[in-house]
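Work through the exercises below with the structure open. Each task is followed by a solution in steps.

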Amino acid sequence: MTVSLNTIETSLFNKHVFAQGLQHVTVEQGSDASITPESEEEVKARAQSALDKTEILFTDEDARETKHLKTVLFTKAVDSQRLLTSEGEIIYLEGLFIPENEDNDIKTQQFIEEHYLDKDIDLYICKESKCKSTDRYGHLRVHAVTQKDKTWLQAALLTTGHAQLRTRSDWPALITRMQRIESTARIEKIGLWLIPDLSIMDALKITDEQRGFHLVEGRVHSVAMHKNIVYLNFGDNWREDFTVVVPSTMRRVFAKNGIDIMGKGGEILRVRGWIDSYNGPFIEIDHAEQIEWIKTAN
């Protein structure tokens, strides 16, 4: 890998701005080898066995990070992420993204109905002041845990490969644990992680036509800053490459956590969020948990 540090004296248009004099780090990128998925039967068997893992149990530490609200009975899966309670209330399983491709949303709804209807379920909510208690439809945002055996529904959906983790700025609870659970399912190629279109996207292969919520991974090719906004570029063509946009508020958040965004040239990261397009595809960061820094051997 070759790294060069320089100060650009000529004009550089970087996604949103036409700027001059940007400090810029450029890194040559390699390509990752493709992984051959296992058979569908093997994956289904491992997904089923995943339900027996202790990792999907809701711990005392998890309970301390959240707040117990009440106990309900699920009577119907409205869709793959919303359930109707016996009280007539619809609850939303927070912290998940359920891709619809390959009928994954239908399979997820069927999984929920098979395992969690007509059971006593403890509902836990985020206890921090910045947390919003309901979604835009007025549905209660919760983590759901079976009262009898402490199975955490979000963890069960992640570990069986029915869902991906979706982080939000107004709901920071339990993200670290969910990242670890998702990582195991991804490494073992369980469920949706067996389907290339639903798995992690290569930052070098994203096009302007791709939209929606995605996980993207790649090595940062260049870093630039203008008016306190940082741009992490993943290709050598600023007119077309994928970029992670870090606003000034988030740059300060990273700095408080000891992360120098401007020094991230050459590092590999995984980012999750909504891909949009303006002079190339990009994801704009509004909370630090959207980015995972991937450590690699030298």
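**Exercise 1.** In which sense do β17 and strand β19 pair, and over how many bridges?

Solution. The model is a predicted one. Strand β19 covers residues 291-294, and β17 pairs with β19 in the antiparallel sense over four bridges. To find the register, locate arginine 270, which stands opposite glutamate 292 in β19.

**Exercise 2.** Describe the other pairings of β17, and decide how enclosed the strand is.

Solution. Take β18 (residues 281-284) as the next partner: two bridges join β17 to β18, and the two run antiparallel. Serine 277 faces proline 281 of β18. The hairpin of β17 and β18 has three residues between its strands, and asparagine 279 there has a positive phi near 55 degrees. Then turn to β13, which pairs with β17 over eight bridges, also in the antiparallel sense. Here arginine 219 is opposite isoleucine 268 in β17. Finally, count burial: seven of the ten residues of β17 (residues 268-277) are buried, so the strand is largely enclosed by the rest of the structure.

**Exercise 3.** Is histidine 214 buried or exposed? Place the residue and list what surrounds it.

Solution. Histidine 214 lies in strand β13, residues 212-219. Its relative accessibility is 18%, and the cut-off for buried is under 20%, so histidine 214 counts as buried. Next, look for a polar partner: the histidine 214 side chain reaches the backbone oxygen of arginine 211 at 2.9 Å. Leaving out residues up to four places away in sequence, histidine 214 touches Met201, Val271, Arg272, Gly273, Ile275 and Ile283.

Notes
Residues numbered from 1 in each chain as written. Predicted model: local features only at pLDDT ≥ 70, side-chain atom pairs only at ≥ 80, totals over all residues. Heavy atoms only, no water. Buried < 20%, exposed > 50% of the residue type's maximum accessible area, 1.4 Å probe, protein only. Polar contact = N/O pair within 3.5 Å; in protein donor to acceptor, adjacent residues only side chain to side chain. Contact = heavy atoms within 4.5 Å. Pairing = 2+ DSSP bridges.
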